[in-house]
Every structure is written in C-alpha cells, then in structure tokens.
Amino acid sequence: MKTVVCPGSFDPVTNGHVDIIQRASGLFDRVIVLVAYNAAKQSHFTVEERMAMLRKATGRLPNVEVDCDAGLLVDYLQRVDAHAIVKGLRAVSDFEYEFQMALTNRKLLPGCDTIFFTTSGENMYLSSSIVRQVCSLGGDISGFVPDCVRGEIVAKLRPQQEQERG
Ligand code: PNS
C-alpha cells in the first residue's frame, strides 16, 4: 500500500490545499494530511480547528485521513510507514523554501522523496495568509476556501460588526 503524507500548517485550509490533496488521493492508496504544528509558534486556528476543517473539506475522499504532529516530519513518516511527502508548488517563489525542506528531509531520512504537484492555475495566488487578510478586512473569501468551512473561518477572523453587515 502506497502511503503519502501531505504536511502543512493549514491555517486555514484553502481550495489550493484541497486541490492538491484530491489529486494525490487519485494517485496513492492512502493520503495522510498532517497538521504539522509547533507549540512555540503562534497560529490563528487551533490544531483541533484546523483538523476539523480539513476533515470536512476532504470527507468525500475515502482514502484521505487527517492527523497532527508536533515533531519532525521524517519521524512521522517512519511511524506511519509512508513512502513520500506530497506538497503543492505555486510559483517560483515557493521553490527555494520547498527545495530546502525537501533536501533537509532527505538528509535526515535517506530515501525520503518529496513529490511536488504544480498548483492548478486558478489557485496560483492563494495562500492561507491571503485568506486571513482578505477575510479579516471584510472581503469575500468564497472561491478561496471550501464552502463547508467558510462560515467558521469568517466567524473566527472577521470582526463582529463586519459579520453583522454580511
Ligand atoms: O504550510 P507550511 O507552513 O508551508 O508547512 C511547513 C511544514 C509544516 C511542512 C514544515 O514546517 C514541516 O515539515 N514541519 C515539521 C517539522 C520538521 O520536520 N522540520 C524540518 C523539516 S524542514
């Protein structure tokens, strides 16, 4: 059974993440979406909130699971007997950071491969931080995040008076 791990902060999940997860689920037997968190690093959504949103957004994909971990990614990979890491690449600007992480993981765990999916064109500009910024300033995030989680993202990020205005 080919298992891959799709790690990230998912703070919050976007349509770009779901696109990559969905495409990976069509190619591999088991996809574990991993909320990789660092207790010392501030996040906007709790680990539980991020996992719950990911579960809702990927619920229709039977071979996708959601988990969390605060340790080294390569240790997690070994624990779940995963074959590779799956990540999305949006633009050249992502490349340097992703390349550094892929090489670090391969150094820590020889044989560990990172498979990059190029983002779908319509999601090129999307990131969790763009979603947070647009939402907190009252912008419309439909089309940026899965419909099933939009309400909770708005509820958390948008000031109360903005929510009342719609
Ligand atoms: O969504 P992000 O913030 O780009 O994801 C980064 C993430 C979570 C994949 C990365 O920080 C990570 O792998 N963290 C786990 C800790 C670890 O193994 N670090 C060393 C590998 S570079």
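**Helix α1, the Asn63 loop and the largest pocket**

At a rise of 1.5 Å a residue, the 13 residues of α1 should span 18 Å, and because the C-alpha atoms at the two ends of α1 are 19 Å apart, the expected and modelled values agree. The model is a predicted one. At the N-terminal end of α1, Thr14 acts as a cap, with a side-chain oxygen placed 3.1 Å from the backbone nitrogen of Gly16. Gly16 is itself among the buried residues of α1, together with Val18, Asp19, Ile20, Ile21, Ala24 and Ser25. The elements that cover the buried residues of α1 include the strands β1, β2, β3, β4 and β5 (113-118), as well as the helix α2.

Ser25 is also touched by Asn63, a residue located in the loop between α2 and β3 (64-69). Beyond residues up to four places away in sequence, the contacts of Asn63 further include Phe28, Asp29, Arg30 and Val31. A polar atom of the Asn63 side chain lies 3.0 Å from the backbone oxygen of Phe28, and a polar atom of this side chain lies 3.4 Å from the backbone oxygen of Asp29.

The largest pocket encloses about 1400 Å³ of space and is lined by 48 residues, of which Pro7, Gly8, Ser9, Lys87 and Tyr97 lie nearest its centre. Two or more lining residues are given by each of β1 (3-8), α1 (15-27), β2 (30-36), α2 (47-58), β4 (84-89), α4 (92-108) and α5 (128-136). The largest share of the lining, nine residues, is supplied by α4. By class, the lining comprises 19 nonpolar, 20 polar and nine charged residues.

Technical notes:
Residues are numbered from 1 along each chain as its sequence is written. This is a predicted model: local features need pLDDT of at least 70, side-chain atom pairs count only at pLDDT 80 or more; totals for chains, interfaces and linings use all residues. Side-chain values use heavy atoms; hydrogens and water are left out. On a 1 Å grid over the protein atoms alone, a cavity is a set of points where a 1.4 Å probe fits but cannot get out, and a pocket is an open set with protein on both sides within 12 Å along at least five of seven lines; lining residues have an atom within 4 Å of a point. Grid points are joined across faces, edges and corners, and a volume is the space filled by probe spheres set on the points. Helices (H or I, at least four residues) and strands (E, at least two) are DSSP runs, numbered from the N terminus. Ala, Val, Leu, Ile, Met, Phe, Trp, Tyr, Cys and Pro count as nonpolar, Asp, Glu, Lys and Arg as charged, and the others, Gly among them, as polar. A polar contact is a pair of N or O atoms within 3.5 Å; within protein, one must be able to donate a hydrogen and the other to accept it, and residues adjacent in sequence count only if both atoms are side-chain atoms. Contact means heavy atoms within 4.5 Å. The expected span of a helix is 1.5 Å times one less than its number of residues. Buried means under 20% relative accessible area, exposed over 50%, partly exposed in between (1.4 Å probe, protein chains only).
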